[in-house]
Amino acid sequence: MAGRFSPRPPRATPVSPGGPAALPARGRVPGQAPAPGAVRVWVPDGPLEPGLVLGPLRRGPGDPTFRSLPDGSVWRASRTPAGPGTLRISVRGGEVRGRAWGPGAGWLLERLPALLGADDDPAAFVPRHRLLALTARRRPGLRLTRTGLVLESLIPSVLEQKVTTLEAYRAWRLLVLRFGEPAPGPAPERMAVMPAPRTWALIPSWEWHRAGVDDKRAATVLRAVRLAARMEETAAMEPGEARRRLEVVPGIGPWTSAETVQRSHGAPDAVTVGDLHLPGIVGYALAGDRSADDAEMLRLLEPYAGQRHRAARLVLLSGQVPPRRAPRMAPRRIERL
């Protein structure tokens with residue numbers, strides 16, 4: 001597994017005058033000293049809800065790479081081509097203010113408008129169902145984010161394959177906190193940047209099991225990070241072409257590639273096929289059919305060709321979901337097997 005990489009050089013441990021330095025507790029990320037950071041102010045050309053736009057990037061309430069604070073600000077910790085960086089986004093008086101720290105600060109600020117949907121065109125969506133028209137009117141600040149980063153969306157999407165969301169969120173949280181690095185700047189407590197590709201490739205098998213990740217998903221992540229440069233190149237491609245390259249990697253199929261380009265490319269037509277719940281939700285909201293399958297979902301979304309992902313997002317935002325008929329699936333703890 002590690003044969004493609006040279007051995008990691010030994011890391012010196014600092015020693016305090018009173019004895020050995022205390023190491024941070026397992027799974028905890030130490031905080032950073034405050035720093036001024038770089039700033040960019042951007043004025044959007046229409047209504048904008050940063051929490052709504054960036055919501056798909058959050059992998060559960062405990063995501064170490066994402067934080068929403070009561071003051072309305074949104075924090076993200078990302079691994080950019082220039083290095084790790086932390087971005088704080090706030091809106092006041094119609095202006096978006098971004099402040100960033102770390103080696104990747106310049107990269108994050110340069111792409112701040114795209115991250116908040118500046119490349120998206122909400123006007124291209126023409127609602128043909130009363131529910132979608134009403135939801136679009138109620139949420140005018142919805143835009144599709146474009147991060148320009150592929151692995152940070154691909155890896156958690158792989159972790160979400162064939163498991164409950166709670167299992168996937170737990171795995172992502174534990175792995176990022178255990179093997180990531182502290183978010184640069186005065187980030188909120190326990191924020192971290194996801195591991196570098198080399199670090200992902202060197203995670204021992206038992207650590208994947210402790211995080212509840214089976215061998216199949218772990219192997220898919222390992223194959224992807226060994227092709228990290230080729231994966232990140234797809235950020236400059238059209239969504240369809242990018243999906244074809246991603247799906248060349250064994251273990252990455254249409255579901256995973258769609259979930260990735262929805263975030264990395266802001267792809268308005270990348271509808272998720274193969275999901276356990278989405279067909280029933282779309283079928284129930286648009287036709288009263290909670291037993292709809294993928295084929296029926298695609299038929300219902302056909303009038304929105306080119307904007308099918310946006311239509312699905314509006315369905316989810318409408319709150320018109322079928323009532324539950326059974327308890328939630330119980331999470332599996334493979335580390336106990």
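Begin in this predicted model by selecting the largest nonpolar core, which has 36 residues and in which Leu154, Leu159, Leu175, Trp200, Trp208, Val213 and Val221 are those with the most contacts inside it. To see where these residues come from, colour helix H5 (151-159), helix H6 (165-179), helix H7 (197-201), helix H9 (215-226), helix H10 (228-233) and helix H11 (239-246), since these are the elements that give two or more residues to this core. H6 gives the most, with six residues. In soluble globular proteins, nonpolar side chains tend to be buried together.

**Helix H5 and Leu159**

Stay with H5, which is mostly covered, nine of its nine residues being buried. The buried residues of H5 include polar ones to click on, Glu152, Ser153 and Ser157 among them, alongside Leu151, Leu154, Ile155, Pro156, Val158 and Leu159.

Which residues are in contact with Leu159, leaving aside its neighbours within four places in sequence? Show the side chains of Ala168, Ala171, Trp172, Leu175, Trp208, Val213, Arg217 and Val221, and you have the set that is in contact with Leu159 on that basis. Apart from this core lies another, of 19 residues, among them Trp42, Leu108, Leu112 and Leu149.

**Asp214**

From Leu159, move to Asp214, which is 55 residues away along the chain, with 9.2 Å between the two C-alpha atoms. Asp214 is found in the loop between helix H8 (205-210) and H9. Is Asp214 buried, exposed or partly exposed? With a relative accessible area of 24%, Asp214 is partly exposed, because buried would require a value under 20%. Display the side chain of Arg217 as well, and look for the polar contact of 2.7 Å that joins it to the side chain of Asp214. Arg217 is also one of the residues in contact with Leu159, so the tour can return from here to the core by way of that contact.

**The paired strands**

Next, select strand S5 (residues 74-80) together with S6, two strands that run antiparallel and are joined by seven bridges. A hairpin joins S5 to S6 through two residues, and the bridge partner of Arg79 in S6 is Pro84. S6 is mostly covered, with seven of its 10 residues buried.

Now add S7 to the selection: strand S6 (residues 83-92) and S7 run antiparallel and are joined by seven bridges. Here Arg92 has Glu95 in S7 as its bridge partner. The hairpin of S6 and S7 has two residues between the strands, and within it Gly93 takes a positive phi near 60 degrees.

On the other side of this pairing list, strand S3 (residues 38-42) pairs with strand S7 (residues 95-101) in the antiparallel sense, over five bridges. Ala38 has Ala100 as its bridge partner in S7.

With Ala38 still selected, turn to Gly106, which is 68 residues from Ala38 in sequence, although the two lie 7.5 Å apart in space, C-alpha to C-alpha. Gly106 has its place in helix H2 (residues 105-110), and at 49% relative accessibility it counts as partly exposed.

**Helix H15**

Then select helix H15 (residues 308-318), where eight of the 11 residues are buried, so that the helix is largely enclosed by the rest of the structure. Which residues of H15 are buried? They are His309, Arg310, Ala311, Ala312, Arg313, Leu314, Val315 and Ser318. To see what these residues pack against, show helix H1 (50-54), helix H4 (130-138), helix H12 (254-264), helix H13 (278-287) and helix H14 (294-301) around them. Gly319 follows H15, and its phi is positive, near 80 degrees.

**The whole chain**

Finally, zoom out to the full chain, which has 15 helices and nine strands. Of its 337 residues, 47% count as buried, and its accessible surface comes to about 16,800 Å², of which 55% belongs to carbon and sulfur atoms. Among contacts between residues at least 6 apart in sequence, 67% join residues at least 24 apart.

Before leaving the model, colour by confidence: the chain averages a pLDDT of 89, and 86% of the residues score at least 70. Over residues 1-33, however, the pLDDT is below 50, even though this stretch has 40 contacts in the model beyond near neighbours in sequence. Where pLDDT is low, the predicted coordinates should not be read in detail.

Methods:
Residues are numbered from 1 along each chain as its sequence is written. Side-chain values use heavy atoms; hydrogens and water are left out. Buried means under 20% relative accessible area, exposed over 50%, partly exposed in between (1.4 Å probe, protein chains only). Helices (H or I, at least four residues) and strands (E, at least two) are DSSP runs, numbered from the N terminus. Contact means heavy atoms within 4.5 Å. A nonpolar core is a set of buried Ala, Val, Leu, Ile, Met, Phe, Trp, Tyr and Cys residues joined through side-chain atoms within 4.5 Å. Two strands pair if DSSP finds at least two bridges between them. Accessible areas come from the Shrake-Rupley method with a 1.4 Å probe; for residues, only the protein chains shown count as cover. A polar contact is a pair of N or O atoms within 3.5 Å; within protein, one must be able to donate a hydrogen and the other to accept it, and residues adjacent in sequence count only if both atoms are side-chain atoms. pLDDT is the predictor's confidence in each residue, from 0 to 100.
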